[in-house]
Amino acid sequence: MELVGFSNPVAGPADRDRPHRRAAFLVVAAAVFVSNLDLFIVNVALPAMQQHFRGSSLATLSWVLNGYAVVFAALLVPAGRLADRIGHRRVFLAGLAVFTAASALCALAPAVGWLDAGRVVQAAGAAALMPTSLALLLDATPAAERPGAIRAWASIGGIAAGLGPVLGGLLVEADWRWVFIANVPVGLAALAVGGRVLPRLRGKESGPLPDLFGAVLLTAAIAALAVSLVKGDTWGWASPQVLAGLLSSALLTGWFLRRSARHRAPIVELPLLRVPVFAAANTAALLFTLAFAGMLLTSVLWCQQAWGYSALRTGLAIAPGPLLVPPVALGSAALVRGLGPGRVAALGTLLFAAGIGWWTAAVGVRPGYAAELLPGLLLTGLGVGLALPTLIGSAAAALPPTRFATGSAITTMARQIGAVVGVALTVGLIGTPHGPQAALDGFRRGWTLVIATALLACAAALVLAAAQRRTAESR
């Protein structure tokens with residue numbers, strides 16, 4: 001891939017630092033790639049972990065995914081605000097060091113509890129490096145070249161999504177621990193180079209500290225909700241434990257919102273949620289990511305547990321869907337200009353729902369990849385490529401440039417919350433089936449949830465289209 005803004009061969013005075021900028025981009029790209037890759041590789045490794053830690057249920061192991069997403073969501077905005085205060089380079093390198101060290105801890109984990117703890121620490125590192133990565137890239141790029149640099153940065157997540165299942169399958173074939181070991185040399189190399197090439201700009205001298213207690217409240221609220229949903233099948237959906245967990249989550253969420261309304265540097269700036277386009281785009285993104293997380297987890301589990309695929313074969317089987325996302329996202333610009341972002345996002349959510357509907361109707365207990373699983377993967381890949389980048393772009397475009405960093409952090413946080421709820425609900429609905437038909441019934445319940453959530457995301461995207469139309473008319 002040609003790195004836009006880093007390839008001019010003319011070495012005039014304005015380009016003396018071009019090798020430095022290329023190196024800075026590569027450092028940022030490596031860090032963002034491994035942190036995104038972990039979201040997709042670990043899904044493929046989950047069944048292998050379950051076999052290794054015998055006696056561990058899917059509900060217990062789901063915290064390998066959810067622990068990461070919960071902490072990442074809660075710390076993303078505080079980390080970004082802290083970086084604005086003390087310096088992007090310092091926070092980025094600290095986050096990368098924490099992420100790398102935690103990856104090694106995950107690889108060495110002797111028990112599930114240790115693995116969960118390592119993932120929490122890993123998420124804290126990712127929360128520090130993600131919001132600072134784009135800021136560092138823009139600091140190292142001339143203003144005229146920044147749009148191209150942003151596109152290159154944004155494409156890294158799509159590349160990680162496409163390669164994640166296959167790389168995960170290859171690594172798990174050796175041992176699931178390699179999923180985490182692979183991060184260590186990349187992180188160490190990025191730290192060594194980053195210390196020399198990343199921009200050394202000072203942070204702001206003043207400003208309120210981010211609301212760390214608010215981050216604790218948000219973490220507890222999401223965790224209580226996730227525990228209740230994951231354990232719903234085991235404890236009973238109307239059991240006192242589940243109801244208490246749901247009530248606790250609601251109370252903690254209310255406390256968090258009340259605190260956010262009064263704090264000088266809240267985790268969520270509530271006035272931003274009163275911007276109609278921004279609110280609708282984030283609602284649609286949260287719902288769609290909930291559906292996406294359920295789709296990704298069920299596809300991996302179905303291939304390995306129901307059809308008996310190896311981890312590598314599972315990665316290869318799933319790859320066509322994610323591999324469609326980057327080209328569809330890049331090629332949809334003309335469609336967005338013609339139909340408008342909201343309508344394109346709505347179309348994407350409908351294609352995604354159709355793909356899961358295909359699985360619900362066609363997938364059986366006997367393997368039939370080409371006729372049963374592949375068509376749904378292609379439809380969901382098209383849907384994700386149309387919907388997710390469009391929703392993220394709509395949320396960013398709804399705010400003035402001075403609020404872009406905060407707004408993008410809120411959008412990422414909303415998506416992570418959606419992922420947590422999606423995994424938790426899916427695990428709760430699948431349960432612990434005994435026998436092929438019971439497994440198929442459980443997965444169909446999960447797929448029905450995914451379809452319903454995708455349709456809700458479609459409704460939110462249509463609300464977004466109406467809000468965008470009203471905004472355009474008022475100008």
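What share of the contacts in the chain with a separation of 6 or more comes from residues 24 or more positions apart? The share is 82%. This tour of a predicted model visits several places where such links may be examined.

**The whole chain**

Begin with the entire chain in a cartoon display. It contains 18 helices and zero strands. Of its 475 residues, 54% are buried. If a surface is switched on, the exposed area is about 19,800 Å², of which carbon and sulfur atoms supply 67%.

**The nonpolar core**

Next, select Met49, Phe92, Leu115, Phe180 and Phe352. These are the residues with the most contacts inside the largest nonpolar core, a set of 137 residues.

Keep Met49 in view and add its contacts. Apart from neighbours within four places in sequence, Met49 is in contact with Val42, Leu61, Val64, Leu115, Trp176 and Phe180.

Now centre the view on Phe180, which lies in helix α6 (residues 178–181). Is Phe180 buried or exposed? Its relative accessibility is 0%, so Phe180 counts as buried. Setting aside residues up to four places away in sequence, Phe180 touches Asp38, Val42, Met49, Ser103, Cys106, Ala107, Leu115, Arg119 and Gln122. Then draw a distance from the C-alpha of Phe180 to that of Thr100: the two residues are 80 apart in sequence, and these atoms are 8.9 Å apart in space.

**Two salt bridges**

Two of the residues that Phe180 touches, Asp38 and Arg119, lead to the next stop. Side chains of opposite charge can pair when their charged atoms come close. The structure holds two salt bridges.

Select Arg119 and Asp38 and show their side chains, which meet in a salt bridge with an N to O distance of 3.4 Å. This pair joins distant parts of the chain, as Arg119 belongs to helix α4 (residues 112–139) and Asp38 to helix α1 (residues 18–52), 81 residues apart. Arg119 counts as buried because its relative accessibility is 1%, and Asp38 is likewise buried at 1%.

Move on to Asp211 and Arg259. Their closest N and O atoms are 2.9 Å apart, and the two residues form a salt bridge. Here too, distant parts of the chain are linked: Asp211 sits in the loop between α7 (183–197) and α8 (212–230), while Arg259 is in helix α10 (residues 240–262), 48 residues away. Asp211 is buried, at 1% relative accessibility, whereas Arg259, with a relative accessible area of 28%, is partly exposed.

**Helix α2**

Select residues 58–86, which form helix α2. From the first C-alpha to the last, its 29 residues reach 41 Å, close to the 42 Å expected at 1.5 Å a residue. Where does α2 bend? The bend, of about 40 degrees, is at Leu75, and the proline Pro78 follows within four residues. The helix is mostly covered, with 23 of its 29 residues buried. Just beyond its end, Gly87 adopts a positive phi of about 120 degrees.

**Helix α11**

Finish with residues 276–306, helix α11. At 1.5 Å a residue, its 31 residues should span 45 Å, and the end C-alpha atoms are 44 Å apart, so the two values agree. This helix is also mostly covered, as 24 of its 31 residues are buried. Directly after α11, select Gly308, where phi is positive at about 75 degrees.

Notes. Residues numbered from 1 in each chain as written. Predicted model: local features only at pLDDT ≥ 70, side-chain atom pairs only at ≥ 80, totals over all residues. Heavy atoms only, no water. Salt bridge = Lys/Arg side-chain N within 4 Å of Asp/Glu carboxyl O. Helix = DSSP H or I, 4+ residues; strand = E, 2+ residues; numbered from the N terminus. Buried < 20%, exposed > 50% of the residue type's maximum accessible area, 1.4 Å probe, protein only. Contact = heavy atoms within 4.5 Å. Areas by Shrake-Rupley, 256 points an atom, 1.4 Å probe, with all protein chains shown as cover. Core = buried A, V, L, I, M, F, W, Y, C linked by side-chain atoms within 4.5 Å. Expected span 1.5 Å × (residues − 1). Bend = angle between axes of the 7 residues up to and from the residue.
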